[in-house]
Every structure is written in C-alpha cells, then in structure tokens.
Amino acid sequence: ADVAMDPTNSNRVFAIDNDQVFASNNGGVVWTDVTGNLGTISAQDFRTVEYISDSDGDSVVIGTRSGVYSVPAFGTVWGRLGSALPDVLVFDLRYIKTQKTLIAGTLGRGVWTYEVNADQFMRDGFE
C-alpha cells in the first residue's frame, strides 16, 4: 500500500499492506514483520506510512482506518499518536522536517497537523 525510507539511510525501508508493517535494514533484501501489537489496537486498513527522522530518535507513523499510530524505528509496540485526531480514515501522511510537523490527510474530516517534539511525541497534539 505504501513505502517510506529513512532520508539519511536509504537501506532503512518500511512498507505496509492492508494489515501488516514490514521493515528492512538492507534496502529490501530481507524484510521483518514489525506489526507487533498494531493489529489489536487499530482497525487495520493501513493506508500510509511515514518515517520521522529526528536527532532524539527516529520513529515510524502509519495512517489507518482509526487514526495515526507510531513506534520507535524498528520497534514493535505501537501507540496512538495524539488524541485530538478523530477516529477517522487517514489516507496520507507527510512529515516536514524543517518545520517538525506531521500532516495527516483524512477522509471527510480535513487535514490535520501535529508538531513533532521528542518530549511530547506521544501526547495529544493534532489540530
């Protein structure tokens, strides 16, 4: 369904299908399932994946039928990103590194932004 790469290391790649997340550290030669607990906390229907490169630690976010979820890069314990974003299908995610902002395009609920701050990454923040 979608692919995201680490902008500083093209060998670090993440891919999603409808209900699984895969990671590779060698440009896709070998893939590891990093879906972890995501199947139990999200309504699946994964649509978009984005890699967030940050000096305090990289992370991966995915847009699903029930919002946005995040995990530290190559982690497997996912959590909901913020609580202000409604329970809505997220079709597209884009990270603007220079502004440290994640943009989420939804179905029928508009476009939402989230300021990525390492100290507040798992807190409410979508507007």
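**Reading strands, cores and a pocket**

Biologist: How many residues lie between β5 and β6 in their hairpin, and which residue in the turn has a positive phi?

Modeller: Six residues separate β5 from β6 in this hairpin, and the one in the turn with a positive phi, of about 135°, is Gly57. Please keep in mind throughout that we are reading a predicted model. The pairing itself is antiparallel and runs over five bridges between β5, which covers residues 48-52, and β6, and one of the places where the register can be read is Thr48, whose bridge partner in β6 is Gly63.

Biologist: On its other side, in which sense do β6 and β7 pair, and over how many bridges?

Modeller: Again the sense is antiparallel, with six bridges linking β6 to β7, the strand of residues 67-72. These two strands also form a hairpin, here with two residues between them. To follow the register, one can take Val60, whose bridge partner in β7 is Val71, and then Ser59, which stands opposite Pro72.

Biologist: In what order do the four strands of the open sheet stand, then?

Modeller: The order is β5-β6-β7-β8, with antiparallel pairing. Because β5 and β8, the latter being residues 79-80, each have a single partner strand, they stand at the edges, and one side of each is left without a neighbour in the sheet.

Biologist: Are the two faces of β6 covered or uncovered?

Modeller: Here one compares the alternating residues of the strand, taking the two sides in turn. Both faces of β6 are covered, since Ser59, Val61 and Gly63 on one side are buried, as are Val60, Ile62 and Thr64 on the other. Counted over the whole strand, residues 59-64, six of six residues are buried.

Biologist: Which residues of the largest nonpolar core touch the most other members?

Modeller: The general idea is that nonpolar side chains tend to be buried together in soluble globular proteins. In this model the largest nonpolar core has 15 residues, and those that touch the most other members are Val21, Leu38, Val49, Val60, Ile62 and Trp78. At least two residues of this core come from each of β2, β3, β5, β6 and β7. Apart from it lies another core, of 14 residues, including Leu81, Val88, Leu93 and Val116.

Biologist: Which residues does Leu38 touch, once those up to four places away in sequence are set aside?

Modeller: Leu38 then touches Val21, Phe46, Ile62, Tyr69 and Trp78. A similar reading can be made for Ile16, a residue of strand β2, which counts as buried because its relative accessible area is 5%, under the 20% cut-off. Beyond its neighbours within four places in sequence, Ile16 is in contact with Ala1, Asp2, Val21, Phe46, Arg47, Thr48, Val49 and Ile62. Ile16 and Ile62 lie 46 residues apart along the chain, yet their C-alpha atoms are separated by 8.6 Å.

Biologist: Which strand gives the largest share of the lining of the second largest pocket?

Modeller: That share, four residues, comes from β1, while β1, β5 and β9 each supply at least two residues of the lining. The pocket holds about 160 Å³ of space, and among its lining residues are Asp2, Val3, Glu50, Tyr51, Arg94 and Lys97. Sorted by class, the lining has seven nonpolar, one polar and four charged residues. As for β1 itself, it pairs with β2 in the antiparallel sense over five bridges, with Val3 opposite Ala15, and a hairpin joins the two strands through two residues.

Biologist: Where in the chain are Phe74 and Lys100 found?

Modeller: Both are worth checking for their backbone angles. Phe74 is in the loop between β7 and β8, and although it is not glycine, its phi is positive, near 65°. Lys100, in the loop between β9 and β10, has a positive phi of about 50° and is likewise not a glycine. With a relative accessibility of 29%, Phe74 counts as partly exposed, and Lys100, at 33%, also counts as partly exposed.

Technical notes: Residues are numbered from 1 along each chain as its sequence is written. This is a predicted model: local features need pLDDT of at least 70, side-chain atom pairs count only at pLDDT 80 or more; totals for chains, interfaces and linings use all residues. Side-chain values use heavy atoms; hydrogens and water are left out. Buried means under 20% relative accessible area, exposed over 50%, partly exposed in between (1.4 Å probe, protein chains only). Two strands pair if DSSP finds at least two bridges between them. On a 1 Å grid over the protein atoms alone, a cavity is a set of points where a 1.4 Å probe fits but cannot get out, and a pocket is an open set with protein on both sides within 12 Å along at least five of seven lines; lining residues have an atom within 4 Å of a point. Grid points are joined across faces, edges and corners, and a volume is the space filled by probe spheres set on the points. Ala, Val, Leu, Ile, Met, Phe, Trp, Tyr, Cys and Pro count as nonpolar, Asp, Glu, Lys and Arg as charged, and the others, Gly among them, as polar. Contact means heavy atoms within 4.5 Å. A nonpolar core is a set of buried Ala, Val, Leu, Ile, Met, Phe, Trp, Tyr and Cys residues joined through side-chain atoms within 4.5 Å.
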